[in-house]
Amino acid sequence: MITRLTTSALLAICLWIPTAQATNFDYNHIQVNALGNPSGLGGLARFAFTEGAHFVVKGNTQFEGDWYTSGGVGFHAPVNDFVDLYGELEGAWLKRPGDRRHDTGQFATVVGAGMRAWVAPPFEANLYVGSIIFDQDDSTSLVEIGGRFHSTEALSLGATWRANGLEQNRLIFSVRYLY
């Protein structure tokens, strides 16, 4: 009796909760980043190839003989009418500033997941947590917290705080063009 009642209540709750059918954010965009502390430039591009999946390409440099490039695939799905979850799996090739041991850079795997949410109609908040894995014994975590102001349907401005084990904590300002 209690099992049937519990099952019926759970089914009623699941049917009552409103669900979103499409993502709340556009995953077709090109972004230019201005890196701070230490300064540099970067970029990011995403291209949705199905309703719930996208390609991603990232890169940045501090112009000190260093670079970070990555590319891979990701998923994106709505949680409700205001929040999207997304995740990405990337292969990365990078060289850290002052790294004399790896002349041609290092290869790594980057795996992470994030959340984007509408705070108010033109304002978006985002969170991304991941890991950069060099081999079985060497990995570092990655955390990004930020926000975006969508000034038009095609252009948005953002600020993100990034912390990881590869570089110092840094503030990143960005301009994103949605196509």
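**View A. Strand 7 meets strand 8.** In this predicted model, strand 7 and strand 8 (residues 138-150) are antiparallel partners, held in register by twelve bridges. Look for the turn that links them: strand 7 and strand 8 make a hairpin, and two residues lie between them. To find your place along the pair, start at S131, whose bridge partner in strand 8 is S141.

**View B. Strand 6 meets strand 7.** Now move to the pairing between strand 6 (residues 106-120) and strand 7 (residues 123-135), which is also antiparallel and has eleven bridges. Which residue in strand 7 is the bridge partner of T109? Follow the pairing across and you arrive at I133. Here, too, there is a hairpin to trace, with two residues leading from strand 6 to strand 7.

**View C. Strand 3 meets strand 4.** This view takes you to strand 3 (residues 53-61) and strand 4 (residues 67-78), which run antiparallel and are joined by eight bridges. A handy landmark is H54, with G74 standing opposite in strand 4.

**View D. The whole barrel.** Let's step back and see where these pairs belong. How many strands close into the barrel? Count along and you will reach ten, arranged in the order 1-2-3-4-5-6-7-8-9-10, with antiparallel pairing. Within this sheet, neighbouring strands are turned against each other by 20° on average, with direction ignored. As you trace the barrel, you can pick out the pairs from the earlier views, including strand 3 with strand 4, strand 6 with strand 7 and strand 7 with strand 8.

Notes: Residues are numbered from 1 along each chain as its sequence is written. This is a predicted model: local features need pLDDT of at least 70, side-chain atom pairs count only at pLDDT 80 or more; totals for chains, interfaces and linings use all residues. Side-chain values use heavy atoms; hydrogens and water are left out. Two strands pair if DSSP finds at least two bridges between them. Helices (H or I, at least four residues) and strands (E, at least two) are DSSP runs, numbered from the N terminus. Axes are lines fitted to C-alpha atoms, for helices over the stretch in contact, and angles run from 0 to 180 degrees between N-to-C directions.
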